[in-house]
Amino acid sequence: MIEVKEQISSVRRTIGTRVLEAGEARVMTISQAYDTDQDDLWDVVTNPERIPRWFLPVSGELRLGGKYQFEGNAGGTITKCEKPHAVGATWEFGEQVSWVEVRLTPEGDGRTRFELEHVAHVDDEHWEQYGPGAVGLGWEGAFWGLANHLANPEATITPEAAMEWAMSPDGITFMRLSADAWTEADIAFGTDPEQARRQAANTLKAYTGQE
């Protein structure tokens, strides 16, 4: 299993905004370079037999215009499919709709960067309370799963095993360090440091039940 601190330090995180037809949206971007080529990483992202090994079981039609559903999580419509460079989709959970795009970029020496951009209209009250970590910590878990899958492609992580690990000492440490990293990204974006730390503490408590 990938060492927690190594994983946290391997990830890049940025926060921004974008003006859409419905108004200003928040943009959270997270990326990591992996030791595999672009074609393999494309297969990791789009193959329904491999996706559950690092993220969640998925059903539906994984093609442009197709509908998909992650078990116990979001679903939506695939809006972009540019093999082996980019795939995009709506991200629909409950009554909320946001947008996710994954971009794969070769970095030389057989490595490929996996960059995920999540664009969402976030209620001001919710953002004030939790900040970017509410979305960021969820994606951190996916990147952790992906790193472990690529290190051991035959292994499969079940949702139950993932939850058990998340509540373990290593899992709690991982989320705490992730929250700290998103705090730094939030401060770099321009958020007042005290506010950013308060939001991160609220998010960590929501995910782990711990202060």
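Axes are lines fitted to C-alpha atoms, for helices over the stretch in contact, and angles between N-to-C directions run from 0 to 180 degrees. In this predicted model, the axes of helix H2 (residues 38-46) and helix H5 cross at roughly 125 degrees and come within 12 Å. H5 (residues 133-151) also lies across five strands, E1, E2, E6, E7 and E8, of an open eight-stranded sheet.

**Sheet**
- The strand order is E1-E2-E8-E7-E6-E5-E4-E3, with antiparallel pairing.
- Strands E1 (12-20) and E3 (58-60) are the edges, each pairing on one side only.
- On average, neighbouring strands of the sheet are turned by 25 degrees against each other, direction ignored.
- Nine bridges join E1 to strand E2 (residues 23-34) in the antiparallel sense.
- Arg-12 has Ser-31 in E2 as its bridge partner.

**Helices on the sheet**
- H5 runs at about 20 degrees to E2, and the strands it lies across include E6 (86-93), E7 (96-108) and E8 (111-120).
- Helix H7 (residues 169-189) packs on the sheet and touches E1 and E2.
- The direction of H7 makes about 50 degrees with that of E1.

**H2 against H5**
- Angles of 65 to 115 degrees count as roughly perpendicular and those over 145 as roughly antiparallel; the crossing angle of roughly 125 degrees therefore makes H2 oblique to H5.
- The crossing of these two helices, H2 and H5, is right-handed.
- From H2, Asp-40, Leu-41 and Val-44 meet Leu-146, His-149 and Leu-150 of H5.
- The H2 contact with H5 comprises four nonpolar residues, one polar and one charged.

Notes
Residues numbered from 1 in each chain as written. Predicted model: local features only at pLDDT ≥ 70, side-chain atom pairs only at ≥ 80, totals over all residues. Heavy atoms only, no water. Pairing = 2+ DSSP bridges. Helix = DSSP H or I, 4+ residues; strand = E, 2+ residues; numbered from the N terminus. Contact = heavy atoms within 4.5 Å. Parallel < 35°, antiparallel > 145°, perpendicular 65-115°, else oblique. Left-handed = near helix turned anticlockwise from the far one by under 90°. Nonpolar A, V, L, I, M, F, W, Y, C, P; charged D, E, K, R; others polar.
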